[in-house]
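Thank you all for making the time this morning. Please bring the sequence and the structure up side by side, and I will walk through them one region after another.

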Amino acid sequence: MLHLYPYKDHNAVVKLFTKSMGPISCWAASIHKKTSKTKANLLQPLSIIKAEINSKGTDSLIQLREIETSVQTPHISLNIEKSTIAMFLAELLLKSLKESTHDETLYDFIRDSILLLDATNERCTNFHLLFLVRLSDHFGLLPKGNYTAATSYFNLQDGIYESSPPLHPHFLSPAESEWLSILSSKSLDKFYEWTIPAPSRRLLLRGLLEYFELHLAMIPLKSHLVLEEVF
């Protein structure tokens, strides 16, 4: 589940990312009533659900009928770091996934990432950064080349490492460029193996979001500001 938009009279529009249909918007009627089969408390950011849907929905929206939890992820809601990351990733996916995105490999990556976040006992300081890098690979945007002493500036606009700052403001400094190069070669389950200094972590996060905005025409996020307070 990516987002729930409350509507009058206990109704809501629910944004989901599905394996078979990609991103879909569903109409959920009377979601906050005790008698509803569609319980709002099951629709938390990044919750993994099974849903019965009906294509004959309201105002051309798919009707979300009965839902149930597919996989339990209790540790996300009980941990401030994990719940903040979940909120951030849900907004990121909401704004970066296109309606036509039907990609089962991407769905499996997102689902596996949620389960990893829930199950880990490690500090999650770098989880969202490595998720962004691995997501960029699924979008065909993985940075080209590597950081070296001779190519120490990552050009966010062109997606490559260069020897000097480009003639525009969209680039990472050498410190953040080196961290990006390191993360680009790692799988998400290795997220805890480095200690990235807090200033570099914040600048790298902002740089990666700018990278997505430039290449996906993504609307700027807001939840990363909460991440910066938590980490």
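Let me begin with a question: does C124 count as buried or exposed? At 1% relative accessibility, C124 counts as buried, where buried means under 20% relative accessible area, exposed means over 50%, and partly exposed is what falls in between, with a 1.4 Å probe and protein chains only.

Before going further, I should say that this is a predicted model, in which local features need pLDDT of at least 70 and side-chain atom pairs count only at pLDDT 80 or more, whereas totals for chains, interfaces and linings use all residues. Residues are numbered from 1 along each chain as its sequence is written, and side-chain values use heavy atoms, with hydrogens and water left out.

Staying with cysteines for a moment, C26 is also buried, with a relative accessible area of 0%. A search of the whole structure finds zero disulfides, a disulfide being a pair of cysteine sulfur atoms within 2.5 Å.

C26 brings us to the sheets, since C26 lies in strand 3; strands here are DSSP runs of E with at least two residues, helices are runs of H or I with at least four, and both are numbered from the N terminus. There is an open sheet of five strands, in the order 1-2-3-5-4 and with mixed pairing, where two strands pair if DSSP finds at least two bridges between them. Strand 1 (3-7) and strand 4 (48-54) are the edge strands, each pairing on one side only. From one strand to the next, the twist averages 30 degrees, and for angles of this kind the axes are lines fitted to C-alpha atoms, for helices over the stretch in contact, with values running from 0 to 180 degrees between N-to-C directions.

Looking at strand 3 (residues 22-28) itself, six of its seven residues are buried, so strand 3 is largely enclosed by the rest of the structure. On one pairing, strand 2 and strand 3 are antiparallel over seven bridges, with a hairpin of three residues joining them, and V14 has C26 as its bridge partner in strand 3. On another, strand 3 and strand 5 run parallel and are joined by two bridges, and here the bridge partner of W27 in strand 5 is Q63. Q63 appears again in the pairing of strand 4 with strand 5 (residues 62-71), which is antiparallel over six bridges, because Q63 is also the strand 5 bridge partner of N54. As for the surroundings of C26, leaving aside residues up to four places away in sequence, C26 touches A12, V13, V14, L16, I62 and L64, contact meaning heavy atoms within 4.5 Å.

One residue of strand 2 deserves a pause, namely K15. At 11% relative accessibility, K15 counts as buried, and among the residues that K15 touches, again beyond four places in sequence, are M1, H3, Y5, I24, L94 and E99.

Let me turn to the helices. Helix 2 (residues 80-96) has 17 residues, which at 1.5 Å a residue should span 24 Å, and its end C-alpha atoms are indeed 24 Å apart; the expected span is 1.5 Å times one less than the number of residues. Helix 2 is mostly covered, with 13 of its 17 residues buried. At its N-terminal end, N79 acts as the cap, a side-chain oxygen of N79 lying 2.9 Å from the backbone nitrogen of E81.

In helix 3, we find T105, which at 52% relative accessibility counts as exposed. T105 and K19 are 86 residues apart in sequence, and their C-alpha atoms are 8.7 Å apart in space.

Further along the chain, three strands form an open sheet in the order 7-6-8, with antiparallel pairing. Its edge strands are strand 7 (160-162) and strand 8 (171-172), each of which pairs on one side only. Strand 6 (residues 153-155) is joined to strand 8 by two bridges, and F154 has L172 as its bridge partner.

Finally, S200 has its place in helix 6 (residues 198-216) and, at 10% relative accessibility, counts as buried. Beyond four places in sequence, S200 touches A175, E176 and W179.

Conventions. Polar contact = N/O pair within 3.5 Å; in protein donor to acceptor, adjacent residues only side chain to side chain.
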